[in-house]
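Here are some notes on the model, set out as numbered points for you to read beside the coordinates.

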Amino acid sequence: ELSVEEGSLYPALQKLLLKGWVKAASGVSDTGRTVRTYRLTPAGRKQLEIERAEYRRVSAAISAVLDTP
């Protein structure tokens with residue numbers, strides 16, 4: 001399970017905004033509350049693919065070590 005605390009989430013989103021990997025927009029929720037939504041930019045999608053490839057590489061290496069008799 002993954003749990004992300006509010007104190008970690010917003011600083012991470014701010015970093016993504018500064019790098020241009022996400023865009024933020026204000027809106028209103030179904031309950032009428034003002035909310036901020038975030039969407040990946042084209043640069044963010046490109047970075048996501050880079051991060052996914054790196055994760056797969058590291059994950060495969062770890063699996064190879066764990067599966068070695």
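How many salt bridges does a search of the whole structure find?

1. The model under discussion is a predicted one, and the search of the whole structure finds two salt bridges. The residue pairs concerned are E49 with R52 and R57 with E54, and they are taken up in turn below.

2. In the pair formed by E49 and R52, the closest N and O atoms are 2.9 Å apart. Both residues belong to helix α2, where a spacing of three residues places them about one turn of the helix apart. As to solvent exposure, E49 counts as partly exposed because its relative accessibility of 41% falls between the limits of 20% and 50%, and R52, at 39% relative accessibility, is likewise classed as partly exposed.

3. For the salt bridge between R57 and E54, the closest N and O atoms are 2.7 Å apart. R57 and E54 are three residues apart in helix α2, so about one helical turn separates them. The two partners fall into separate exposure classes: R57 is exposed, with a relative accessible area of 52%, whereas E54 is partly exposed, with a relative accessible area of 37%.

4. Which residues line the largest pocket? The lining is made up of L16, W21, V22, L40, G44, Q47, L48 and E51, and the volume of this pocket comes to about 170 Å³. Helix α2, which spans residues 42–66, gives the most to the lining, with four residues. Sorted by class, the lining has five nonpolar, two polar and one charged residues.

5. On the surface, a nonpolar patch is formed by L2, V4, L9 and Y10, which together have about 440 Å² of accessible area. One of these patch residues, L2, is placed in the segment before α1, the helix that covers residues 6–19. L2 counts as exposed because its relative accessible area of 77% is over the limit of 50%.

6. Is R45 in helix α2 buried or exposed? R45, found in helix α2, has a relative accessible area of 52% and is therefore classed as exposed. Relative to V4, a member of the nonpolar patch, R45 is 41 residues away in sequence, and the C-alpha atoms of the two residues are 21 Å apart in space.

7. A further residue to inspect is P11, which is found in helix α1. With 40% relative accessibility, P11 counts as partly exposed. P11 and V28 are 17 residues apart along the chain, and their C-alpha atoms are separated by 22 Å.

8. When helix α2 is viewed as a whole, several of the points above can be followed along it: R45 is found there, the helix gives four residues to the lining of the largest pocket, and the salt-bridge partners E49 and R52 both lie in it, as do R57 and E54.

Notes: Residues numbered from 1 in each chain as written. Predicted model: local features only at pLDDT ≥ 70, side-chain atom pairs only at ≥ 80, totals over all residues. Heavy atoms only, no water. 1 Å grid on protein atoms, 1.4 Å probe; cavity = no way out; pocket = protein on both sides within 12 Å on 5 of 7 lines; lining within 4 Å. Points joined across faces, edges and corners; volume = space filled by probe spheres on them. Helix = DSSP H or I, 4+ residues; strand = E, 2+ residues; numbered from the N terminus. Nonpolar A, V, L, I, M, F, W, Y, C, P; charged D, E, K, R; others polar. Patch = residues over 30% accessible without salt bridge, like charges linked within 9 Å, V, L, I, M, F, W, Y side chains within 5 Å. Areas by Shrake-Rupley, 256 points an atom, 1.4 Å probe, with all protein chains shown as cover. Salt bridge = Lys/Arg side-chain N within 4 Å of Asp/Glu carboxyl O. Buried < 20%, exposed > 50% of the residue type's maximum accessible area, 1.4 Å probe, protein only.
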